[in-house]
Amino acid sequence: AAVRLCRGRALLSRVRGAPRLLRGLAAGPEMHFGFQSVTEEERREKIYQVFENVAKKYDVMNDSMTLGIHRVWKDILVHKMNPSPGTLLLDVAGGTGDIAFRFINYVRSVRERQLQRKLKHHQNLSWQEIFENYQEDKFSTLGDSQVVVCDINREMLKVGKQKAQHLGYSEGLSWVLGNAEELPFDDDKFDVYTIAFGIRNVTRIDLALQEAYRVLKPGGRFLCLEFSHVSNPLLSRLYDLYSFQVIPVLGEVIAGDWKSYQYLVESIRQFPPQEELKAMIEDAGFFKVDYENLNFGIVAIHSGFKL
Amino acid sequence: EEEEVEEEEVWHQLYPGHIPTSPLQKALLAAGSAVMALYDPYRHDMVAVLGETTGCLALPNLRDKMKHHPEGYRILQERPRIRLSTLDMARLRGLPDGSLGREYVRFLEVNKVSPDTRMPPKFVDDEELAYVIQRYREVHDLMHTLLGMPTNMLGEVVVKWFEAVQTGLPMCVLGAAFGPVRLSARKLQVLATELVPWAIRSGLNASCVLNVYYEQRWEQPVESLREEIGIFPPP
């Protein structure tokens with residue numbers, strides 16, 4: 001017996017369309033949640049739930065979906081940042097700590113090299129000078145660098161803190177629950193602001209960019225790592241095929257959660273492409289805004305300065 | 001930005017919880033769920049997904065068997081569900097020992113299981129077939145009761161052999177074939193020499209177990225029901 005299949009146009013939103021019309025204009029402006037149409041408040045809710053569900057398997061899924069390449073992207077971001085010891089970093093939507101840990105590793109190794117060079121030149125220090133150096137804590141391994149990880153989702157922060165403990169990161173690291181659209185920090189505080197694979201999930205990107213501008217010190221740098229648009233047509237088709245056919249299946253098999261990963265691939269398609277994001281960053285007041293494509297535009301790093 | 005942006009043809013949602021999938025996705029799901037189910041036996045959801053994605057031949061077969069049987073046909077029409085909210089546990093507990101209802105409740109309590117943990121179907125692209133597989137899942141505990149098998153690995157494998165013969169679902173066949181991999185040698189011997197042959201004989205002899213309206217037979221003694229269906233007494 002042949003199985004009856006119904007082909008149709010719209011996705012689940014068609015099933016939901018009727019009740020929304022009845023709810024009328026009071027519900028607020030229509031936004032996208034993946035390929036569905038929802039209100040601003042609904043979108044925040046749904047995204048919170050997505051990350052609540054995926055938090056525990058977040059890292060495993062990242063490795064599976066990108067075949068480990070996301071690690072390289074994040075390495076490139078931190079190398080581009082090239083932080084020197086003493087830098088104060090705010091990592092927004094930093095959830096499970098990937099950027100924060102890389103930052104700490106980077107400044108530690110820079111610091112180590114600094115100290116080695118210093119020691120070479122100071123082979124003939126007197127005991128008094130050595131004593132004074134220890135007093136001033138000039139040999140601190142992080143050199144006063146600090147990273148604040150801010151995320152709106154409690155579950156993601158929880159996973160991040162556990163990871164930090166497990167991997168042995170404690171110095172120079174703090175975790176704050178907060179919303180990228182309304183950051184709980186004073187103006188002109190941070191040297192660098194990063195948001196890796198997070199800005200796509202923010203409901204009001206313009207507000208997040210304004211907040212980023214506000215909390216950065218003059219001379220501070222904005223860095224955004226995010227999925228972007230592939231212009232090469234052949235690659236684009238392969239990428240779409242992989243995204244829509246394989247990724248939700250991976251989500252179901254590994255995390256038992258098809259829907260969250262369906263949302264993921266849809267939200268990537270809905271996100272503004274490179275030039276449009278660049279314009280938005282410029283609108284927030286940043287200067288020298290530029291972007292670098294990684295893997296033909298699958299991912300892009302946008303950078304801007306507060307001058 | 002509106003929701004009409006689509007990359008490819010999309011299918012309607014046919015029942016609550018339905019996730020429409022392309023043939024490629026089904027193939028990937030079948031392979032992935034098979035591997036994951038073997039790797040992590042606690043992933044019951046993977047066993048469920050495997051059943052749904054590989055059942056495209058067996059499920060219509062089962063549905064037709066039900067359609068052509070008076071009791072099965074009624075089940076398809078009325079769509080009864082076995083859930084804690086629909087079962088009168090107190091009444092069943094009060095039934096005489098040896099009756100289906102009493103033994104079923106005993107089975108649930110002894111093995112500490114509940115009928116509510118059965119996964120609803122997601123990847124079956126036909127709403128009636130989705131009910132058939134749901135019914136199969138909900139009736140699984142009753143199979144345990146009728147076969148007198150516990151919910152440990154050994155018991156589950158025996159029930160899988162029975163179900164494989166009865167339903168022809170590839171998931172049952174795979175479960176029956178690969179399940180024993182994790183059993184000790186002693187258990188394997190009992191399995192191979194006594195339990196599996198009995199399960200197969202019973203499965204072949206018995207009429208379709210999905211054609212029994214269990215909810216209307218709680219008072220019936222288990223032995224009488226076994227005889228009626230054609231299940232041989234357990235060894």
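A contact here means heavy atoms within 4.5 Å, and with that in hand we can look at how chain B of this predicted model is put together.

**Figure 1. Chain B as a whole, with its contacts and its overall dimensions.** Among contacts in chain B with a separation of 6 or more, 70% join residues 24 or more positions apart. Chain B has 11 helices and one strand, and its elements follow the order β-α-α-α-α-α-α-α-α-α-α-α from the N terminus on. Along the principal axes, its C-alpha atoms fill a box of roughly 65 × 45 × 35 Å. The radius of gyration of chain B is 19 Å, which agrees with the value near 18 Å for a compact globule of 235 residues.

**Figure 2. The surface and the charges of chain B.** Chain B shows an accessible surface of about 10900 Å², and carbon and sulfur atoms hold 59% of it. Turning inward, 52% of the 235 residues of chain B count as buried. There are 25 positive and 33 negative side chains in chain B, and the centres of these two sets are 9 Å apart.

**Figure 3. Helix α2 of chain B and its cover.** How many of the 11 residues of helix α2 (residues 44–54) of chain B are buried? Eight of them are, so this helix is largely enclosed by the rest of the structure. The buried residues of α2(B) are D45(B), M46(B), A48(B), V49(B), L50(B), G51(B), E52(B) and T53(B). Their cover includes α9 (233–255) of chain A, and from chain B it includes α1 (23–39), α7 and α9 (170–178).

**Figure 4. The largest nonpolar core and a second one apart from it.** The largest nonpolar core has 59 residues, and those with the most contacts inside it are L146(B), Y214(B) and I229(B). Helix α7 (residues 127–147) of chain B supplies the largest share of this core, 11 residues. Another core, of 33 residues, lies apart from the largest one, and Y106(A), V107(A), V192(A) and I268(A) are among its members. For a closer look at the largest core, centre on I229(B): residues up to four places away in sequence aside, I229(B) touches L146(B), N205(B), A206(B), S207(B), V209(B), V212(B) and Y214(B).

**Figure 5. Chain A in outline.** Now to the partner chain. Chain A contains 11 helices and 10 strands. Of its 307 residues, 51% count as buried. The accessible surface of chain A is about 15300 Å², with 54% belonging to carbon and sulfur atoms. Residues 24 or more positions apart make up 74% of the contacts in chain A that have a separation of 6 or more.

**Figure 6. I205(A), a buried residue in helix α8 of chain A.** I205(A) belongs to helix α8 (residues 205–215) of chain A. Why does I205(A) count as buried? Its relative accessibility is 11%, and buried means under 20%. Which residues is I205(A) in contact with, leaving aside its neighbours within four places in sequence? They are I199(A), F271(A), P272(A) and M280(A). E181(A) is 24 residues from I205(A) in sequence, and the two C-alpha atoms are 7.6 Å apart in space.

**Figure 7. W127(A), an exposed residue in helix α6 of chain A.** W127(A) sits in helix α6 (residues 127–135) of chain A. Is W127(A) buried or exposed? W127(A) is exposed, with a relative accessible area of 74%. Between W127(A) and Q114(A), 13 residues apart along the chain, the C-alpha separation is 21 Å.

**Figure 8. Two loop residues with positive phi, L67(A) and K112(B).** Most residues other than glycine have a negative phi. In chain A, L67(A) has a positive phi near 55° and is not a glycine. L67(A) lies in the loop between α3 (58–66) and α4 (69–81) of chain A, and L67(A) is exposed, with a relative accessible area of 70%. In chain B, K112(B) also is not a glycine, and its phi is positive at about 55°. Where is K112(B) placed? K112(B) is in the loop between α6 (100–111) and α7 of chain B. With a relative accessible area of 75%, K112(B) is exposed.

Technical notes:
Residues numbered from 1 in each chain as written. Chains lettered and ligands numbered in written order. Predicted model: local features only at pLDDT ≥ 70, side-chain atom pairs only at ≥ 80, totals over all residues. Heavy atoms only, no water. Helix = DSSP H or I, 4+ residues; strand = E, 2+ residues; numbered from the N terminus. Buried < 20%, exposed > 50% of the residue type's maximum accessible area, 1.4 Å probe, protein only. Core = buried A, V, L, I, M, F, W, Y, C linked by side-chain atoms within 4.5 Å. Rg over C-alpha atoms; globule rule 2.2 N^0.38 Å. Areas by Shrake-Rupley, 256 points an atom, 1.4 Å probe, with all protein chains shown as cover. Lys, Arg positive; Asp, Glu negative; His and termini not counted. Charge placed at Lys NZ, Arg CZ, Asp CG, Glu CD.
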